[in-house]
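Colleague: I have a model open on my screen and would like to learn how to read it. Could you take me through some features one at a time?

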Amino acid sequence: MTKRPTSFTLGGRTYSPAASLLLATPFILVMILAFLLPLFTLLHESLSVPKFNLDNYARVFDQEVYLRVMLRTLRISALVTIAALLLGYPLAWLIARSRGLLLGLLLIAVLLPLWTSVLVRTYAWLVLLQRNGVVNQILTALGLVDAPVQFLYTEGAVVLAMSHVLLPFMVLPLYAALRGIPDDYMRAAQVLGAGGFAAFRHVVLPLTLPGVASGCLMVFLLALGFFVTPALVGGPQQMMLATLVQQQVTELLDWPFSGAIIGVLLAFVLCLVLIFNRLIRLDRFVGQV
Amino acid sequence: MSKYLHERRNSSIAVGSAGQVAVRDLVKRYADVVAVNGVSLDVRGGEFLALLGPSGSGKTTILMNIAGFDFPDSGRIEISGRDVTWMSPDKRDLGMVFQRYTLFPHMSVLDNIAFPLRMRKVGRAEREKRARAALQTVRLDGYGDRRPAQLSGGQQQRVALARAIVYNPQVLLMDEPLSALDKNLREEMQIEIKHLQRKLGVTVIFVTHDQTEALTMADRVAVLNLGALQQIGAPKDLYEAPATEFVAGFIGESNFWPGIATSDAAANEQLAVQLEGGEIAQACAATPLRKGTQVRLAVRPERVRLGPAAAGGVGGTVEEAIYAGSVTTLMLRTKGPILRARLSAGDETAEPRPGADLSLTWRPQDARAYPTS
């Protein structure tokens, strides 16, 4: 994206942009062969099979089933993003303010799930939420419910499990943003007359907006294409786009239609990234007396 | 009786005490380190007080307790006669300028200055008017629409100053606000802050480790070391009559010469001291001394008078003469330690050459004897 050719220095020597390119070549090759090529093949098929027209795309929007899956995907992704933000901000704040052992423990608590398979974490939610699961046992034992509550295969369960799985992607950018704010800003705000909450609202929150934006964007985009968790916790009733694509490909072998779904998703994601990019830049110029 | 007196004193403080700051028996520990060990200070309304000390002296801790960013283990803080020991910073109505630049980067210069007014629910038109006036006070009119990042360090600290005075606080705290600036700018800002303080009549408590800064700016200086108050007084008093050996060494330069008191002496009374090396010199007791007490004599280099050898006083031989323009420093070998003496340029005395034997004298009040404990 930079307009200047990129060179780099190592051990006092400056290497030419060609050397930079050479170092990036393996990555670029893998990206082209394993990602861009199949993606373009798929998108190409979605436009040209059976005939060269937009029929496959029309089908995505025409049929209520697919439209419903798409809207559900958007709704669940939005809810997951909000939940992750509400859960993640206080946690990131706590981590940014802690030192020593507490800091280490909290960071591990956030990072450990990232190093654990999504499948494992999703099965943990199945164990918790199923008919004879831990939650229902506790509720029944406490006499709060007479019969086991249906948690699994509800939208709430999907949102809950996905929020948990995606939480680190919210916490880490927020933590980085909060960590970058010197304590003296908060102190200055306070001594100038801002109570704790006012200092947060007028100083800390605006300064972390880029972190909020990137955390939200990351979680929302990952949620849009999430497969394992909604498939297992949500079941067929709560089908999301990724599951739909998988079904079209493995069960119906309808590659062109899958390509169309992916094309729609991709276009949507690209628009979102562009909008967010613009917003983050804009916020630098917003301010009032 | 004493309790009654104490209360009366407090109530007299509460009357017409705008801008007074009182620190009472402040103690603050961090883990097993005592940062402040029972310090009491009375800052008068409209006074410029400097808290001076090396790092670890507790000066910043005292300021943090006055500001309310930290709370004492024991002791009290009063501002304008109000006990604020446990009050949160936003309720204390203080202005503060920090060591590091703390202008909010997401607000314009004018919004930064208007921020404390906004927190005080001042109307938009009024706060813009007052913010512009404050900006003018620090001679930055026309910079209101800039971002802090577009200003130089000195300009940023001036804006921070404007932000700290725009709501007319009675007390202004400054935590080494000039330490990040280069020397010329620092001296310019010192004068500017001093003028502004006189004009506004605001009480200033100014933390610094730079003694020149403290002496030039402050009405009174409180010297701290290892969490204890060493001395508080006007700059001239600190320099002329340091209360402790630490102050004698920390403010300006002193020669130290060990010796033994030859008689009892009350504080500020003259006595003869037998110096290490056997000679006798007249001195002035900094604290009451008993005969036979081990003391250290502190003499400022520019107070050492030079005369021809055998003219009385202690003997010294010129080891080295260091010329530095306005002054020449002589290193003198004596029967005790090496002494430094300072000659001003244009001094009537002929410039002694290395190897010359001289007699060294000083006025008794220029040699202060501190007991070595």
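**Reading the model, feature by feature**

Modeller: Gladly! Let's begin with Lys121(B), which is exposed because only 8 other C-beta atoms lie within 10 Å, and 12 or fewer counts as exposed. Keep in mind that this is a predicted model.

Colleague: Thanks. Where does Lys121(B) sit along the chain?

Modeller: Lys121(B) is in the loop that links α3 (109-119) with α4 (124-137) of chain B. Its backbone deserves a look too. As a general idea, most residues other than glycine have a negative phi, and most peptide bonds are trans. Lys121(B) is not a glycine, yet its phi is positive, near 60°.

Colleague: What is the phi of Tyr153(A)?

Modeller: Tyr153(A) has a phi near 65°, again a positive value in a residue other than glycine. Look for Tyr153(A) in the loop between α6 (134-141) and α7 (155-179) of chain A. Tyr153(A) counts as partly exposed because 15 other C-beta atoms lie within 10 Å.

Colleague: And which residues does a cis peptide bond join?

Modeller: Val49(A) and Pro50(A), with omega at about 0°. Pro50(A) belongs to the loop between α1 (17-48) and α2 (55-62) of chain A.

Colleague: While we are in chain A, how many helices and strands does its secondary structure come to?

Modeller: Chain A has 12 helices and 2 strands. Reading from the N terminus, the order is β-β-α-α-α-α-α-α-α-α-α-α-α-α. The C-alpha trace of chain A spans about 70 × 65 × 45 Å along its principal axes. Of the 289 residues in chain A, 28% are buried. You can also ask how far apart in sequence the contacting residues are: among contacts in chain A between residues at least 6 apart, 70% join residues at least 24 apart.

Colleague: Now the strands, please. How should I read a sheet?

Modeller: In general, strands of a sheet pair through backbone hydrogen bonds, either parallel or antiparallel. In chain B, try following the closed barrel of 5 strands, β11-β12-β13-β20-β14, where the pairing is mixed. Neighbouring strands of this sheet are turned by 55° against each other on average, direction ignored.

Colleague: How many bridges join β11 to β14 of chain B?

Modeller: There are 6 bridges between β11 (residues 255-261) and β14 (residues 294-299) of chain B, and these two strands run antiparallel. To find the register, start at Pro258(B), whose bridge partner in β14(B) is Arg296(B).

Colleague: Which strands of chain B form a hairpin with 2 residues between them?

Modeller: β16(B) and β17(B) do, and Gly325(B) in the turn has a positive phi of about 75°. The strands β16 (residues 314-324) and β17 (residues 327-333) of chain B run antiparallel and are joined by 7 bridges. Beside the turn, Ala324(B) stands opposite Val327(B) in β17(B). From β17(B), a second hairpin leads through 5 residues to β18(B). β17(B) pairs with β18 (residues 339-344) of chain B over 6 bridges, also in the antiparallel sense. Here Leu330(B) stands opposite Ala341(B) in β18(B).

Colleague: How is chain B divided into domains?

Modeller: The domain assignment gives domain 1 (2-240) and domain 2 (253-371). Their C-alpha centres lie 40 Å apart.

Colleague: And what should I look for in the interior?

Modeller: In soluble globular proteins, nonpolar side chains tend to be buried together. The largest nonpolar core here has 111 residues, and Ile113(B), Leu297(B) and Ala369(B) are among those with the most contacts inside it. Each of domain 1 (2-240) and domain 2 (253-371) of chain B gives this core at least three residues. Take Ile113(B) as an example: leaving aside neighbours within four places in sequence, its contacts include Ala131(B), Leu135(B), Val159(B) and Val166(B). A second, separate core of 45 residues includes Leu152(A), Ala161(A), Ala260(A) and Ile261(A).

Colleague: Finally, how many residues does the contact take from chain A and from chain B?

Modeller: It takes 18 residues from chain A and 24 residues from chain B. On the side of chain A, α8 (183-191) and α9 (196-224) are the elements that give two or more residues. The largest share, 6 residues, comes from α8(A). By class, that side has 11 nonpolar, 5 polar and 2 charged residues.

How values were computed
Residues numbered from 1 in each chain as written. Chains lettered and ligands numbered in written order. Predicted model: local features only at pLDDT ≥ 70, side-chain atom pairs only at ≥ 80, totals over all residues. Pairing = 2+ DSSP bridges. Helix = DSSP H or I, 4+ residues; strand = E, 2+ residues; numbered from the N terminus. Axes fitted to C-alpha atoms, helices over the stretch in contact; angles between N-to-C directions. Domains from an automatic or database assignment. Contact = placed C-beta atoms within 7 Å. Nonpolar A, V, L, I, M, F, W, Y, C, P; charged D, E, K, R; others polar. Core = buried A, V, L, I, M, F, W, Y, C linked by C-beta atoms within 7 Å. Buried ≥ 20, exposed ≤ 12 C-beta atoms within 10 Å, placed from the backbone.
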